[in-house]
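Subject: Structure handover and findings

Dear colleague,

I am handing over the structure we spoke about, and below it I set out what was found. Please read the notes with the model open beside them.

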Amino acid sequence: MNLDRDVKADPRRVLPSVDRIRRAVAAECPELAEWAVVLAAQQALGEARDELRTANSSSATQLEDWTRRVASEARRLMDPHPRRVINATGVVLHTNLGRAPIAPGAAQAAAAAASHYSDLELEVGAGRRGDRLGPVAAKLCRLSGAEAAAVCNNNAAAVMLVLDTLARGREVVISRGELVEIGGSFRIPEILERAGARLVEVGTTNRTHPGDYERAVGPDTALLLKVHRSNFEQRGFVAEVELAELAEIGRRHGIPVAEDLGSGTLLDLRAQGLPQESHAPSRLRLGADVVCFSGDKLLGGPQAGIALGRAGVVGAMRSNPLARALRVDKMTIAALDWTLSRILDGSAEREIPALRQLLEPVESLEKRARALAERLRGTGAAGLAVEALRGRAPLGGGSLPGFELDTWRVSLRPAGSAQELAAALRSAPVPVIARVREDAVLLDVRTLDEADTELLESALEAALR
Ligand SMILES: *Cc1c(COP(=O)(O)O)cnc(C)c1O
């Protein structure tokens, strides 16, 4: 066997070494940190090896290609993550863009809690150990009428904690129409299995009746669970058992009823056109023993899972050993506490960005869209048509499917490709994330701040250059 020929035939041998790339990048771009260059080189070489294994060819061959690719990747690694972007999609709760931005006051509260010692678990006056969730739980109870409240890392964790506390080793009855996948690999049947509960499916995909639940209830039934279909709708020949009815069935059999609301609010926003189904206090009044929802969807606070309900149920959740593994940190508690205080003092609709955006009147959106269009027209690229347009946009974040808001947008129709213009806007120092429809880039003003205008303008100028 000719070893020499075999070695030469292995294309992996043609890849440069990490050190060779590092030296080439250092010569070209001395401003880049060595750790970033080495990390980027290792990643790029790893990808190239995979490419060679599967396709037996590699896109990068010359050392200059490697230098360029690794330098740009190293630059990206040196950027903080997550990096600020401008959300021009109009989708207020955009999971890829971090869902609800918290209020500056909430962010300051989180920063203060993070950078100083605090009385997180201390009753300062009495000098004894305090309850880290005490003040936040008291506010949640006051706002919802719940007997008790628990807060954990996110709503997926809250659902897990409900199931583990109430139904470990026993049965959970749920409609086949509510065995949902939320995205980010959160699937109700799998969470149930992980919590050690047995799933008892009732009804069909499109129709579930009270009798279906009645027949499924047995000596091993621990919980009746209702799950909000956060990211899809059912229309046509459909029937579901309303929460009040389900609560009645639960009461008759002495079985607790839990509802995963997904996106919950503590404010009744019906007057502003939002559906009641997300209003946690109403769900409790309809008879749920416990409801849980996210802190960073419609509530407009930090990422958290909030569970509200009867003292017995929520108390058991809080003393479950799993609660320790799912607990929230001090920054979250501080930001949530601030957010809840604004709801209590009646200033939430003004102070909480997600609510402010959601509730902005269409006349105000129109005014802002027209002003922004005027301003961007000033960037004056030949062939760019700038126009304010009325439209409709979803809420996003798996909140209220099928629910859309009237909105206003600035449409940018370039002479060339709209996709290319959108890509150029994304490569701005503060990337602008916008949707493309047909031959236009759409900037929805609902999620834009007055303070973003200048950044937008320079991003557009650079994109058109
Ligand atoms: C969003 C959602 C979840 C997950 O909430 P996170 O806070 O993202 O963990 C769970 N259930 C429903 C119905 C949801 O809409």
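A polar contact, as the term is used here, is a pair of N or O atoms within 3.5 Å. Please also bear in mind that this is a predicted model.

With that cut-off in mind, the ligand is the natural place to begin. A nitrogen atom of the ligand lies 2.6 Å from an N or O atom in the side chain of aspartate 260, while an oxygen atom of the ligand is found 2.7 Å from a polar side-chain atom of serine 294, and a polar side-chain atom of lysine 297 is 2.8 Å from an oxygen atom of the ligand. The protein buries 93% of the 380 Å² that the ligand exposes when taken alone. Two elements, helix H7 (155-167) and strand S10 (257-263), give two or more residues to the shell around the ligand. There are 13 residues around the ligand, and those that come nearest are Ala156, Ser230, Asp260, Ser294 and Lys297. Sorted by class, this shell is made up of three nonpolar, seven polar and three charged residues.

Turning to the interior, the largest nonpolar core holds 55 residues, of which Leu140, Leu224, Leu266, Leu308 and Ile343 touch the most other members. Helix H6 (residues 134-144) contributes the largest share of this core, namely five residues, and the core draws at least three residues from each of domain 2 (86-96 + 358-463) and domain 3 (103-351). A second, separate core has 34 residues, including Phe186, Ala197, Leu225 and Cys292. As a general background to both, nonpolar side chains tend to be buried together in soluble globular proteins.

Two single residues may also be useful to you. Arginine 132 sits in the loop between strand S3 (128-129) and H6, and it counts as buried because its relative accessible area is 14%, which is under the 20% cut-off. Its side chain is joined to that of glutamate 121 by a polar contact of 2.7 Å, and the side chain of arginine 132 also reaches the backbone oxygen of valine 328 at 2.6 Å. Leucine 344, by contrast, belongs to helix H14 (residues 330-344) and is partly exposed, because its relative accessibility is 38%, a value between the 20% and 50% bounds. Leucine 344 and threonine 89 are separated by 255 residues in sequence and by 30 Å in space, taken from C-alpha to C-alpha.

With best wishes

Definitions and conventions: Residues are numbered from 1 along each chain as its sequence is written. This is a predicted model: local features need pLDDT of at least 70, side-chain atom pairs count only at pLDDT 80 or more; totals for chains, interfaces and linings use all residues. Side-chain values use heavy atoms; hydrogens and water are left out. A residue is near a molecule or strand if one of its heavy atoms lies within 4 Å of it. A polar contact is a pair of N or O atoms within 3.5 Å; within protein, one must be able to donate a hydrogen and the other to accept it, and residues adjacent in sequence count only if both atoms are side-chain atoms. Accessible areas come from the Shrake-Rupley method with a 1.4 Å probe; for residues, only the protein chains shown count as cover. Helices (H or I, at least four residues) and strands (E, at least two) are DSSP runs, numbered from the N terminus. Ala, Val, Leu, Ile, Met, Phe, Trp, Tyr, Cys and Pro count as nonpolar, Asp, Glu, Lys and Arg as charged, and the others, Gly among them, as polar. A nonpolar core is a set of buried Ala, Val, Leu, Ile, Met, Phe, Trp, Tyr and Cys residues joined through side-chain atoms within 4.5 Å. Buried means under 20% relative accessible area, exposed over 50%, partly exposed in between (1.4 Å probe, protein chains only). Domain bounds come from an automatic or database domain assignment.
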